[in-house]
Structures are given as C-alpha cells and as structure tokens.
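Open the structure in your viewer and keep the selection tool at hand. This tour goes stop by stop, with something to select at each one.

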Amino acid sequence: MILVNNPGSWGHIYPPLDHAVWHGLTPTDLVFPFFLFAVGNALSFVMPRLQDGGDAVFWKKVIKRSLLIFLIGLFLQWWPFVRWSNNHLVFRYWVDPNNPENGIRILGVLQRIALCYFFASIIIYYLKLRKALYAGLILLLIYWLLCVTGNPSDPFSLAGWFGTDIDKQILHVPHMYKGEGVAFDPEGIMSTLSAIVEVIFGFMVGDYIQKKGRNFEMISGLFVAGVAMIIIGFCWDAVFPINKKIWTSSYTVYTSGLATITIAGMIYLMEMRNVKGWLSRFFDVFGKNALFVFALSAFLPKGFALIKLGDGVNPWSWLYKKVLIHIPGAPENGSLAYAICVITFMWFICWWMDKKKIYVKV
C-alpha cells in the first residue's frame, strides 16, 4: 500500500496499482484483506496466552491495542492539523466552520484494523474455534441479507448500498470519506461486519498450521481449503458481487482463499524448501515494523506538503515534478518510478531500525 498510496501523480497510475472502480478486484484490492488475514493469523499465536491469563488480561490487552491503533488512525486523518487557505495556514477543525459538509474523517484503514481485531478477538476468545467459525459464517450471511433487504431494487451500487445511510446517521457527513464524489465511506460501519470475518479466517488458518506442524499434510490441507474458498467466493459473486469498497461477503471468502494459498506457498518454499534470498529479506524488514512504516508513509507526505517551494512543489513531490516526470514513455512510468523511490526510502528506514533492533509495537 505504500507503493499504491504514493504515486507521482494520481492521474497516471497503471491499472494493477489502482483499486477496482466498483465491482471486481485488482492486485491492490488484495492488500487490505491480506493484512486483516495476517492479523488473525498472528492472533492465533497470542490467544493461548490471553486465555491462560483470564478475562482481565484479555480485556486489558485487547482494549489497549484496539484503542491505540484506532487513535493512531484518527491522528493521521487529522494530521497535520493545519492547511493552506488563501496563502494562509488555518487550523483543521473537527467540522469546518466555513463548510459544514467537511470535517475530519473518523474511520479509515487503521481504524478498521482496530475494530476488526477487537470484535474478532472477542468472538474467538469466548466462542472458541468451531463456534467462532459458525459466528463468522452467520455474520457473512447477515451482511448479505442486510444489503439485499436494505435496498431490494439496487442493493450493491454506490447510490443504493444501505450502509451509507447508517454511516450518515452515526458518523455524520462531515466525518465521512468523499473520494467517490459523494459521502461514502469504504471503511464504513456496516461493511466492517464482513471484514471481521477475514480476521477469524486468518486465525483459523494460523491455528491449523500450529496444530498440524510443518508437513505436506498441512500444506495440502491449506491448498484444498484455499481453493474451496476461492470457488465459493467466485460462485457467490454471481449474486453478491465481489467488491472491496462495500467489503461484500463474497470478497471476504474469495480473498481469504487467496491468502490461505499464499501463506501455504510461502511456508512450503521458505520453511520446508528453505528458498530464501534478497526478496524474502526485503519483505521481512518491512514486516518487523509494518504498522509503523504504514503510518510513517502517511505522516511524512502530509507534513512535507505544508512546505511550499514554489510552482506547486513541496519537498515530498520535488523529485517527481522536477526529475522523474521527464522519464521518456508513458507518463505512468515516471509516476511509478516515484512510488518505487518512496518505498525504497521507507525500506531503508525499516532496515536501519531492524539493524538497531528498534521495533515499534502497538
């Protein structure tokens, strides 16, 4: 997502590095569900300790982590707290006094991670594995039913999706995403129902891996389960379209299947065949400070955007607008080159932190 979120120009992006316009998905649309799947996978290693510690330890840990992640996300939405208006820096109010339709967005990527982690943890802790699976399946079916009954004539369109009206009532328009040209939040309240199940699926896969151990039976089981989920998600797409922006149940099942096959392939290659090299090292460095570097990749561009160097250039965009924009060929080439420069810069920060054994945990 660092690569996707930092192009040189939003007007020049290669299609695989952009989200699907509405129904369907691109490689970019796999990143967020894979991250939630990984949250559940990691949770499977931690949950036994939480269960041994009892309710007090569980609630303290889960509430603290959920609040921190949510508040970091809210901080990044508000940051840098000021903006340029008529050549003056003005404070970014919770609700803009000059335009009541604009304000600080409440939800977002980190906020969704926090909410999904919170509710999935509760479901898994109290219902245990089998009943947690049943609860997840029920959530997927309930969400499908809510979508269809919320607006039977047009349930899956931007204008017809029922969740937007609920977001407007609870979050209010000033605090919603407006990137689609209207008040619509792709990390809204109701679509979180389906996203929670992504964490539950990730937990189940992590638990299965630990119980089975590293062997071909475990790998085969994961591949069979992953293929089955992909087929189910693809078939469900015929009546409940795969759609990231409203996080449909078919999208959850389909992407969880892809994530299951991916982790199975990684275990086979890296743990059983010991196929490692510069590529695994590259991602390993990022993974050790994943939330930190994701937050940093939003923090720095917004902060540097306040510094004007003239001609609409700031320190963050200077490299693209003065150098990389002139790369020959399609304009997407320079835009992609800039994104690669950003991700390389972020990698070196993570590499230095790893070398110094600095790991930022929430």
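What follows is a walk through a predicted model.

**Stop 1: the main core**

Start inside. Select L36, M47, Y143 and W161. These residues have the most contacts within the largest nonpolar core, which holds 60 residues. Now colour the elements that each give two or more residues to this core: α2 (31-53), α3 (55-78), α4 (109-150), α6 (192-212), α7 (216-236) and α8 (249-272). Which of them gives the largest share? Pick α4, which supplies 16 residues. In soluble globular proteins, nonpolar side chains tend to be buried together.

Stay with W161 and show its surroundings. Leaving out residues up to four places away in sequence, W161 touches Y143, C147, D154, P155, D167, F184, M190, S191 and I246.

Now move to a second core, apart from the main one. This other core has 16 residues, and among them are Y338, I343, M346 and W347.

**Stop 2: a cis bond and its neighbour**

Go to W79 and P80. A cis peptide bond joins the two, with omega at about 10°. P80 sits in the loop between α3 and β1 (82-85).

Step on to F81. This residue also lies in the loop between α3 and β1. Check its backbone: phi is near 75°, a positive value in a residue other than glycine. Is F81 buried, partly exposed or exposed? Its relative accessibility is 28%, so F81 counts as partly exposed.

**Stop 3: N289 and the residues it meets**

Select N289 next. Look for it in the loop between α9 (278-287) and α10 (290-304). With a relative accessible area of 1%, N289 is buried. Turn on the side chain. It reaches the backbone oxygen of I358 at 3.1 Å. Which residues does N289 contact beyond its neighbours within four places in sequence? They are M353, I358, Y359 and V360.

While you are here, select K357. This residue is in the segment after α12 (331-355). Phi of K357 is near 60°, again a positive value in a residue other than glycine. Is K357 buried or exposed? K357 is exposed, because its relative accessible area is 62% and the cut-off for exposed is over 50%.

**Stop 4: N314 in its loop**

Find N314 in the loop between α10 and α11 (318-322). Why does N314 count as buried? Its relative accessibility is 13%, and buried means under 20%.

Show the contacts of N314. Beyond four places in sequence, N314 touches F304, A305, I307 and L309. Its side chain also has a polar atom 3.0 Å from the backbone nitrogen of S317.

Then draw a distance from N314 to M266. The two are 48 residues apart in sequence. In space they are 40 Å apart, C-alpha to C-alpha.

**Stop 5: a nonpolar patch outside**

Finish on the surface. Select F304, I307, L309, W318, L319 and V323. Together they form a nonpolar patch, with about 510 Å² of accessible area. Three of these names should be familiar: F304, I307 and L309 are also touched by N314.

End on V323. This residue lies in the loop between α11 and α12. V323 is partly exposed, with a relative accessible area of 40%.

Conventions. Residues are numbered from 1 along each chain as its sequence is written. This is a predicted model: local features need pLDDT of at least 70, side-chain atom pairs count only at pLDDT 80 or more; totals for chains, interfaces and linings use all residues. Side-chain values use heavy atoms; hydrogens and water are left out. Patches are made of residues with over 30% relative accessible area and no salt bridge: like charges are joined within 9 Å, nonpolar side chains (Val, Leu, Ile, Met, Phe, Trp, Tyr) within 5 Å. Accessible areas come from the Shrake-Rupley method with a 1.4 Å probe; for residues, only the protein chains shown count as cover. A salt bridge is a side-chain nitrogen of Lys or Arg within 4 Å of a carboxyl oxygen of Asp or Glu. Helices (H or I, at least four residues) and strands (E, at least two) are DSSP runs, numbered from the N terminus. Buried means under 20% relative accessible area, exposed over 50%, partly exposed in between (1.4 Å probe, protein chains only). A nonpolar core is a set of buried Ala, Val, Leu, Ile, Met, Phe, Trp, Tyr and Cys residues joined through side-chain atoms within 4.5 Å. Contact means heavy atoms within 4.5 Å. A polar contact is a pair of N or O atoms within 3.5 Å; within protein, one must be able to donate a hydrogen and the other to accept it, and residues adjacent in sequence count only if both atoms are side-chain atoms.
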